[in-house]
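Take a first look at the model below. The walk that follows goes from the core to the cysteines, then to two serines.

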Amino acid sequence: MKILKRKQIVVALDFNSFKEANSIVNLLDPEIYRLKIGKQLFAGEGPKIIENFNKQGFDIFLDLKLHDIPNTVYKALKNLLSHKVWMTNIHLLGGDEMIQAAIEARESIKSEALLVGVSVLTSLNEKNIKNMGFNMQISELVKILCTSAKRNNIDGVVCSAKEVSEIKRNFGEDFITVTPGIRVQQKNDDQFRVATLEEATKNGSDYIVLGREITASENISKMIKKVESYII
Ligand code: C5P
């Protein structure tokens with residue numbers, strides 16, 4: 001079944017060091033995959049890690065999920081986007097002013113990085129958000145947060161693959177959806193709102209984040225081959 005486009009898969013490099021991450025990256029073709037650098041690897045290696053993988057020809061999704069006062073987000077993002085980044089993100093719960101500050105930071109240094117907002121983490125379930133004081137379903141909260149993303153003109157959202165079709169219906173096909181919590185085959189871990197590759201593509205997910213599914217697989221090369229069997 002050929003359901004994936006080239007560069008639609010973003011591999012989450014949740015490692016401590018360049019050395020560990022690179023052992024996986026060596027198995028990946030930059031014409032087929034993009035890479036996601038998150039808090040763990042960024043904290044371990046610093047911004048030079050972006051350069052290291054850029055040099056190997058990869059597009060970088062810098063997943064630092066910024067969430068702070070607008071002034072801090074503005075200044076942090078300006079520094080981060082001075083590196084060659086394909087996509088980065090902020091938390092939509094930071095509010096309109098914070099989202100605006102992120103947009104302004106990108107404009108101020110004429111960066112072309114895509115900017116997406118995290119709606120509700122895919123590790124959260126209905127009970128979690130009730131306990132945080134949100135008296136609504138996750139789907140409603142996601143819709144409210146996507147509305148604020150759209151209102152502030154950011155490029156799209158990070159969301160569960162289960163929410164993609166509803167988001168595309170409400171906010172348009174051009175509104176980018178990035179979906180973590182994707183499993184090649186169904187299983188349970190700390191991600192609650194998970195979906196399979198097939199569900200994610202059927203729902204219209206633009207970019208699919210695969211982390212442990214590849215990196216913690218017993219046979220990484222075999223898993224990569226399996227993923228590539230879905231690519232057009
Ligand atoms: O290993 P797994 O495939 O669950 O990795 C998912 C990756 O996506 C992790 O790097 C995590 O930080 C990230 N992520 C997420 N949920 C979001 C946004 C990003 O799980 N809403």
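**A walk from the core outward**

Start at I90. Leaving aside neighbours within four places in sequence, I90 is in contact with K65, L66, V73, M98, I99, A102, L115, V116, G117, V118 and I154. Keep in mind that this is a predicted model.

I90 belongs to the largest nonpolar core, which has 69 residues. It is among the residues with the most contacts inside that core, together with I9, L13, L35, I37 and F53. Which helix gives the most to this core? Helix α7, residues 138-151, does, with six residues. There is also a second, separate core. That one has 13 residues, including F61, W86, I176 and V209.

Now turn to the cysteines. How many disulfides does the model hold? The count comes to zero. A disulfide is a covalent bond between the sulfur atoms of two cysteines. Here the cut-off is 2.5 Å between the sulfur atoms. Look at C146: its closest cysteine sulfur is in C159, 6.4 Å away, so the gap is too far for a bond. Seen from C159, the closest cysteine sulfur is that of C146, again at 6.4 Å and too far for a bond. Are these two cysteines buried or exposed? C146 is buried, with a relative accessible area of 0%. C159 is buried too, at 0% relative accessibility.

C159 leads on to a serine. S119 touches C159, along with L92, V142, L145 and V158, not counting residues up to four places away in sequence. Where does S119 lie? Its place is the loop between β5 (114-118) and α6 (126-131). S119 counts as buried because its relative accessibility is 2%, and the cut-off for buried is under 20%. One of its touching partners also offers a polar atom. The backbone oxygen of V158 lies 2.8 Å from a polar atom of the S119 side chain.

A second serine, S111, sits in the loop between α5 (96-108) and β5. Is S111 buried or exposed? At 18% relative accessibility, S111 counts as buried, since the cut-off is under 20%. Its side chain reaches the backbone nitrogen of A113 at 3.0 Å. Leaving out residues up to four places away in sequence, S111 touches L81 and R106.

To retrace the route: I90 is in the core of 69 residues, C146 and C159 have sulfurs 6.4 Å apart, and S119 touches C159. S111 closes the walk, in the loop before β5 that follows α5.

How values were computed. Residues are numbered from 1 along each chain as its sequence is written. This is a predicted model: local features need pLDDT of at least 70, side-chain atom pairs count only at pLDDT 80 or more; totals for chains, interfaces and linings use all residues. Side-chain values use heavy atoms; hydrogens and water are left out. Buried means under 20% relative accessible area, exposed over 50%, partly exposed in between (1.4 Å probe, protein chains only). Helices (H or I, at least four residues) and strands (E, at least two) are DSSP runs, numbered from the N terminus. A polar contact is a pair of N or O atoms within 3.5 Å; within protein, one must be able to donate a hydrogen and the other to accept it, and residues adjacent in sequence count only if both atoms are side-chain atoms. Contact means heavy atoms within 4.5 Å. A nonpolar core is a set of buried Ala, Val, Leu, Ile, Met, Phe, Trp, Tyr and Cys residues joined through side-chain atoms within 4.5 Å.
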